[in-house]
Amino acid sequence: MSKDFANLRQDFPVLSRVINGKPLVYLDSANTSQKPHVVIDAMTDFLENGYAPINRSAYQMAAEATDLYEGARTAVAKFINAPNANEVIFTKNATEALNLIVRTWGIANLSHGDVVVLTHMEHHANIVPWHMLVAERGIVLRFIPLTSDGQLDLSNLDALLTDAKVLSFTSMSNVLGTINPSKFLCAAAHRAGAIAIVDGCQSVPHMATDVQDMGADFLAFSSHKMCGPSGLGVLWGRQQLLDAMPPFMGGGNMIADVRLDGFTCAELPAKYEAGTPPITEAIGLGAAVAYLTKIGMHNIRAHEIDLATYSMNQLTQRFGDDIVIHGPTNIEVRGATHSFAFKDLHPHDVSQVLDQSNVCVRAGHHCAKPLMRLLGANATVRASFYLYNNHQDADALCDALEQASEFFSPS
Amino acid sequence: MPGLEDLYREIILDHYRSPRNRGELPPPAVRTEGHNPLCGDEIQVYLSVDSGLVSDVKISGQGCSISQSSASMMSAAVKGKPIAEVRSIVRRFKSMMTLEEEETAEADDQNVKLGDLEALQGVVKFPVRIKCATLAWNTLLQGLDEATA
Ligand SMILES: Cc1ncc(COP(=O)(O)O)c(C=O)c1O
């Protein structure tokens, strides 16, 4: 591991926490990530020295707050190479961003029999809102199947996309770690006349994102998975689409005018930001984006390739047939997220023993039940790594797994 | 911090490794299904009720050691018992699984012995696992309500 990455652990105050005499081994970043000082400080500074409303009042502090909030939007736009900062909408989380698309673009453009293509590895946030439109409107869902090693099976893609209006897919699986060929998929969607919606929750925190190069029409992601605070998500959309869509929630901030007989919408981005937004959180995300940019998204990806390779090797060398790691073995198409089955132990029991060593992993269905059914499991253990993890964390995971194995072996 | 031994008592591991009353019962036995939405565990409880008795009970499904052993011990505890007593056992067990005093407890419940089930008491110290321990019981209750409706 490079020296830079060894040093940056100090940026995350929680990583120095000791519980019951043992250090914290945080391997749940696919769930939610830890926060560096700069993010905590940016939010604290705003709360202590400049907290004020945005877009509403003329006093100096309000103007400063507006600048900070809009500065965060500009930073996020740059981070994903959006052509225009007004195309960046702040939401509550990625789930709300995806629901926003379905409830606005979807309601305006989809009717009975229209086809929406998803994949078999989606998070519930990119399935359930569509199911709701199936129930309400009779749209039809198709799913891109998976290969045996957990990649999208694209052999029938063109047929699946025939007459489709939407292709909505995750850029990286939160369960399998599979990195999907987003650019290829967006192009295929467009060739078929469909729009391309990308759930970027798992890829945006871990690798460089360029919405223009990718060719997406919409991208959704969450602040809390990329060193920013919870309570904030991002929807990016192409201006032409956002302008044409009906509003999402109605209320303050999203209007240009309200009369007794109706209203007119504000311009972007306010049109989709009804009510007082998460101001402090947006400022926190702005700081997170600056932090990640300074380290370099390409460096972060390289670091995680190293972590994925090392942890995968350790797990397979130490446990052999006792461990089944789901997803691709080719690290080129895989992030540092490992879901696995360990012996015949239930993931809950494994994670309980791991907790004795402060090894934090997620045990469960990871909000991807259709995928879990395909894997033939109710639940898996998932260890997910981020920029602040190191080889020792992978070793600690293996040591704790050994303890779990001993604990549950018949005496 | 409570240790693993508080949670995984030997009797629990024993029921986990060799669960009692696994299987299914054909209709007219009542079949109810329970889900733990947090972890995706599923359990099916089959219940035969005959002249006021729980004459047979079978359990199928998948889950962690806590949910599986709790289901196994539950099946052993209620099989062959009168329905009123089964309901008492359920109330006793569920009150053991809560930190607050259960107000629904009835006078007779105190006479009910939980026996092996007491081993699950340690689960209360691990609040996220309480749902695992109570899954089978809530499913059984549903079944009882259906069977006696
Ligand atoms: C792939 C994917 N999509 C969507 C979500 C939902 O994100 P949030 O819970 O922040 O709305 C997650 C997070 O769990 C995710 O991993």
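**Ligand site, spaces and backbone features of the predicted model**

Thirteen residues, 13 in figures, surround the ligand, and those that come nearest are Thr95(A), Asp199(A), Gln202(A), Ser222(A) and Lys225(A). The structure is a predicted model. Three of these nearest residues can be followed atom by atom, beginning with Thr95(A). A polar atom in the side chain of Thr95(A) sits 2.5 Å from a ligand oxygen. For Gln202(A), the distance from a side-chain N or O atom to an oxygen atom of the ligand is 2.7 Å. For Lys225(A), a side-chain N or O atom likewise lies 2.7 Å from an oxygen atom of the ligand. On its own, the ligand has 390 Å² of accessible area, and the protein covers 89% of this. The shell around the ligand holds 3 nonpolar, 8 polar and 2 charged residues.

Empty space was examined next. Rolling a probe the size of a water molecule over the atoms shows where such space is left. The count of cavities of 30 Å³ or more comes to 1. The largest cavity contains about 30 Å³ of space. Its lining is made up of Pro19(B), Arg20(B), Arg22(B), Ile59(B), Gln68(B), Ala71(B) and Ser72(B). Helix H3 of chain B, residues 65–78, gives the most to this lining, with 3 residues. By residue type, the lining of the largest cavity divides into 3 nonpolar, 2 polar and 2 charged.

Pockets were treated separately. The largest pocket holds about 410 Å³ of space. It is lined by 18 residues, and the closest to its centre are His348(A), Ser351(A), Gln352(A), Val128(B) and Arg129(B). Three elements of chain A give two or more residues to the lining: helix H12 (347–356), strand E15 (359–360) and strand E16 (362–364). H12(A) supplies the largest share, 5 residues. The lining of the largest pocket consists of 9 nonpolar, 5 polar and 4 charged residues.

The loop beside two of these elements has a backbone feature of its own. Asn358(A) lies in the loop between H12 and E15 of chain A. Asn358(A) is not a glycine, yet its phi is positive, at about 60°. Most residues other than glycine have a negative phi, and most peptide bonds are trans.

Two cis peptide bonds are described here, one in each of two chains. In chain A, the bond from Leu268(A) to Pro269(A) is cis, with omega near -5°. Pro269(A) belongs to the loop between strand E12 (262–265) and helix H10 (279–295) of chain A. In chain B, Pro27(B) and Pro28(B) are joined by a cis peptide bond, and omega is about 15°. Pro28(B) has its place in the loop between helix H2 (10–17) and strand E1 (30–36) of chain B.

Charged side chains were considered last. Side chains of opposite charge can pair when their charged atoms come close. Over all chains, the count comes to 19 salt bridges. One of them joins the side chains of Arg318(A) and Glu402(A), with 3.3 Å from N to O. Arg318(A) lies in helix H11 (residues 297–319) of chain A, and Glu402(A) in helix H14 (residues 391–408) of chain A, so the pair ties together parts that are 84 residues apart in sequence.

Note on methods. Residues are numbered from 1 along each chain as its sequence is written. Chains are lettered from A and ligands numbered from 1 in the order in which they are written. This is a predicted model: local features need pLDDT of at least 70, side-chain atom pairs count only at pLDDT 80 or more; totals for chains, interfaces and linings use all residues. Side-chain values use heavy atoms; hydrogens and water are left out. A residue is near a molecule or strand if one of its heavy atoms lies within 4 Å of it. A polar contact is a pair of N or O atoms within 3.5 Å; within protein, one must be able to donate a hydrogen and the other to accept it, and residues adjacent in sequence count only if both atoms are side-chain atoms. Accessible areas come from the Shrake-Rupley method with a 1.4 Å probe; for residues, only the protein chains shown count as cover. Ala, Val, Leu, Ile, Met, Phe, Trp, Tyr, Cys and Pro count as nonpolar, Asp, Glu, Lys and Arg as charged, and the others, Gly among them, as polar. On a 1 Å grid over the protein atoms alone, a cavity is a set of points where a 1.4 Å probe fits but cannot get out, and a pocket is an open set with protein on both sides within 12 Å along at least five of seven lines; lining residues have an atom within 4 Å of a point. Grid points are joined across faces, edges and corners, and a volume is the space filled by probe spheres set on the points. Helices (H or I, at least four residues) and strands (E, at least two) are DSSP runs, numbered from the N terminus. A salt bridge is a side-chain nitrogen of Lys or Arg within 4 Å of a carboxyl oxygen of Asp or Glu.
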